[in-house]
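Trainee: I have the model open at my desk and would love to walk through it with you. Shall we take it one question at a time?

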Amino acid sequence: MLNFYEDIHQREHFYEHIECLSDHLSKYFEEDEITIFHEMLSPDFHLDVYLIRTANRNYAILLTSGARLLRMNVPDNIPNAAEYEFAEYMLLLPKDIQFAEVVNSKEGDKNDWIITMLKDIARFPHHYNTFFAIGHTVQATEERTPYSPETNFVGSALLPSVTFDEGFTKFMCGMDTINIYSVFPLYRNELEFKMDKGYSDFIQLLIDGNVPEIFDENRPNLLG
């Protein structure tokens, strides 16, 4: 029987997707606007994170790069299932946010958890042989404890970006569709609200709260 990592290693890898993301980003950003946090050790598949800062935007962007190497397991009963097989994950951040040069180094950094969160989300569907799409949620832990001692967020929702249009968040690589989902971190009661009430009620909560897409580590709880 294959162990967990051997199973992932033996799945089909779509290496042609690597250049497709680079080509896609080059339509929007200059090369010197992108910093890459290279993954030093990849036990399953190689997953980097891009930090993008531009002069004409009042936010920075974190974007995973590597999740699209593997196909997600989309059920056949999902309409147009092939359109959801590949994805990367994005978080908009305050422009002045800083990260350590080496994420998760021994010295650590108070913002390391944000990059770790994105990478955990990107790996989740491949580790559990499932798929992610708009409206899905993921917990930091089974017990719904926070991502780290630095935050009270315990999970995230995957949402359509309101900052970027579909021209950016969905692009083609040959015959394959690559999606970019916006990550919205959640407090525990917000996560439970989303899971109990559903996507539509949660979106209405965001609309009523006039919540911006840019991440705020101290944002007010949507449920008070």
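Trainee: Which exposed residues sit on the face of α6 turned away from its buried side?

Mentor: Bear in mind that this is a predicted model. The buried residues of α6, which spans residues 199–209, are F202, L205 and L206. Seen down the helix axis they fall within an arc of 95°, so they line one face of α6. The face turned away from them carries the exposed residues S200, I207 and D208.

Trainee: Which elements do the buried residues of α6 pack against?

Mentor: An α-helix has 3.6 residues a turn, so residues three or four places apart point the same way. In α6 the buried set is F202, L205 and L206. These pack against β6 (155–159), β8 (176–186) and α5 (188–197).

Trainee: Let's stay with β6, then. How many of its residues are buried?

Mentor: In a regular strand the side chains alternate between the two faces of the sheet. In β6, G155, A157 and L159 point one way, S156 and L158 point the other way, and all are buried. The strand is largely enclosed by the rest of the structure, because the buried count is five of the five residues.

Trainee: Which residue stands opposite S156 in β8?

Mentor: β6 has antiparallel pairing with β5 (residues 137–139) through three bridges, and there Q139 has G155 as its bridge partner. With β8, β6 also pairs in the antiparallel sense, over five bridges. In β8, the residue opposite S156 is P185.

Trainee: Now the interior. Which element gives the most residues to the largest nonpolar core?

Mentor: That core has 37 residues, and those with the most contacts inside it are L62, Y89, F99, I114 and I121. Elements giving two or more residues to this core are β2 (48–53), β3 (59–65), β4 (86–94), α3 (112–127) and β8. The one that gives the most, with seven residues, is α3.

Trainee: How many residues are in the second, separate core?

Mentor: Let's place L62 before moving on: beyond its neighbours within four places in sequence, its contacts include F37, V49, Y89, F99, I114 and L118. The second core is separate and includes C20, L25, I61 and F164. Its residue count is 19.

Trainee: C20 caught my eye. Is the disulfide it forms with C173 right-handed or left-handed?

Mentor: The structure holds one disulfide, joining C20 to C173 with an S to S distance of 2.1 Å. C20 lies in helix α2 (residues 16–25) and C173 in strand β7 (residues 170–173), 153 residues apart, and both cysteines are buried. The torsion about the S-S bond is about 70°, so the disulfide is right-handed.

Trainee: What kind of aromatic pair do Y28 and F168 form, stacked or edge-to-face?

Mentor: The total here is 16 aromatic pairs. Planes over 60 degrees apart count as edge-to-face. The rings of Y28 and F168 have centres 4.9 Å apart and planes at 80°, so the pair is edge-to-face.

Trainee: How far apart in sequence are the parts that Y28 and F168 tie together?

Mentor: Y28 is partly exposed at 31% relative accessible area, whereas F168 is buried at 1%. Y28 lies in the loop between α2 and β1 (34–37), and F168 lies in helix α4 (residues 166–169), so the parts tied together are separated by 140 residues.

Trainee: Which residues form one aromatic cluster with Y28 and F168?

Mentor: We have just seen Y28 and F168 as an edge-to-face pair. Their cluster also holds F29, Y59 and F164.

Notes:
Residues are numbered from 1 along each chain as its sequence is written. Side-chain values use heavy atoms; hydrogens and water are left out. Buried means under 20% relative accessible area, exposed over 50%, partly exposed in between (1.4 Å probe, protein chains only). Helices (H or I, at least four residues) and strands (E, at least two) are DSSP runs, numbered from the N terminus. The arc is that of the directions from the helix axis to the C-beta atoms. Contact means heavy atoms within 4.5 Å. A nonpolar core is a set of buried Ala, Val, Leu, Ile, Met, Phe, Trp, Tyr and Cys residues joined through side-chain atoms within 4.5 Å. A disulfide is a pair of cysteine sulfur atoms within 2.5 Å. Two strands pair if DSSP finds at least two bridges between them. Rings of Phe, Tyr and Trp (its six-membered ring) pair if their centres lie within 6.5 Å; planes under 30 degrees apart count as stacked, over 60 as edge-to-face and the rest as tilted.
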